[in-house]
Amino acid sequence: MSKVSQVTLAFWIMKILATTLGETAGDFLSMSLGLGYYVGLAVTFAILVALLFLQVRSEIYRPLLFWFTIIATTTAGTEISDFMDRSLDLGYLAGSVILATALALTLAIWRLREGTLRVFPIRGRDVEIMFWAAVLFSNSLGTAFGDYLVDDAGLSFIQGALVTAGIIGAVALLHYFSRINDVILFWIAFVFTRPFGATFGDFLTKPVGDGGLSLPRGQASLVTFGLLLAILYLSLDRRRPHVSKRG
């Protein structure tokens, strides 16, 4: 039995909501609670390590545990991106390049070891650990790139969301109308759903003068979390075994 969620439309909706939640929750810890980036990063990584330990130790797919771990990687990705930009003063572009390199190396090692990069089904702890490493780097990269679009490239939150939505839409079209490997398309979509969710999270919480709705970060996090749980509940009975034909 695979240890990860089947990749369906519900998966991608929940992934976007998880990235939105990661953005708002990460900012809530470091900014709203005043913990700062060092303490915020320590807190989010402690939670992430605990969830990863439980996830990898589990012998079966546990939906709540899996998605809580996804949320933890998106929250940690927010803290990593902000830490590289504001504490290490690398800037979002340099941070994106570093994280893209780390993701590429992780996927290359995975491909060399296993001969494939398919994400469903995933069996075995070594493969699962590489999967979660790739997920963490992907979400961190997506955060840095999304912040680059808004803070450095000068796009509004809506414009940044439209750019990343356009890339996701192009990937969807390639999935249905091209012969490009599904695994490649999956990781491209996985990376760019992160900045899409992040820019949407910024749109919810940033001041009106900056193009946002100025919602409290805690409130935005709770609403997003509720939506994610609702979709997860509705999708549980629809989960069926699936084996990809390509990858």
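Here are a few exercises, with worked solutions, on the predicted model shown above.

**Exercise 1. Find out how far to trust the model along the chain.**

Start with the overall confidence: the protein chain averages a pLDDT of 82, and 94% of the residues score at least 70. Next, look at the helices. Confidence is highest in helix 4 (residues 92-114), at a mean of 89, and lowest in helix 7 (residues 182-205), at 80. Finally, check residues 238-247, where pLDDT stays under 50. The model does have 23 contacts beyond four places in sequence for this stretch. Still, be careful here: where pLDDT is low, the predicted coordinates should not be read in detail.

**Exercise 2. Describe the overall build of the chain.**

First, count the elements: the protein chain has 8 helices and 0 strands. Then take the dimensions; the C-alpha trace spans about 50 × 35 × 35 Å along its principal axes. Now compare with a rule of thumb. A compact globule of 247 residues would have a radius of gyration near 18 Å, and the chain has 17 Å, so the two agree. Contacts add to the picture: of those with a separation of 6 or more, 77% join residues 24 or more positions apart. To finish, turn to the surface, where about 11800 Å² is exposed and carbon and sulfur atoms supply 69% of that area. Buried residues, meanwhile, make up 49% of the chain.

**Exercise 3. Examine helix 1: what is its length, and is it mostly covered?**

Begin with the length. Helix 1 (residues 9-32) has 24 residues and reaches 33 Å from its first C-alpha to its last. At 1.5 Å a residue, 34 Å is expected, and the span of helix 1 is close to that. Next, consider burial: taking buried as under 20% relative accessible area, 17 of the 24 residues of helix 1 qualify, and the helix is mostly covered. Last, look just past the helix, where Gly34 follows with a positive phi, near 70 degrees.

**Exercise 4. Work out which residues and helices build the largest nonpolar core.**

Start with the members. The core holds 48 residues, and those touching the most other members are Phe66, Trp67, Ile70, Trp110, Phe131 and Trp187. Then ask where the members come from: helices 1, 2, 3, 4, 5, 7 and 8 each supply at least two residues. Helix 3 gives the largest share, with 10 residues. Now zoom in on Trp67. Beyond four places in sequence, Trp67 touches Ser5, Phe11, Met14, Lys15, Tyr61, Leu228 and Leu232. As general background, nonpolar side chains tend to be buried together in soluble globular proteins.

Notes
Residues are numbered from 1 along each chain as its sequence is written. Side-chain values use heavy atoms; hydrogens and water are left out. pLDDT is the predictor's confidence in each residue, from 0 to 100. Helices (H or I, at least four residues) and strands (E, at least two) are DSSP runs, numbered from the N terminus. Contact means heavy atoms within 4.5 Å. The expected span of a helix is 1.5 Å times one less than its number of residues. Buried means under 20% relative accessible area, exposed over 50%, partly exposed in between (1.4 Å probe, protein chains only). A nonpolar core is a set of buried Ala, Val, Leu, Ile, Met, Phe, Trp, Tyr and Cys residues joined through side-chain atoms within 4.5 Å. The radius of gyration is taken over C-alpha atoms; the globule rule is 2.2 Å times the number of residues to the power 0.38. Accessible areas come from the Shrake-Rupley method with a 1.4 Å probe; for residues, only the protein chains shown count as cover.
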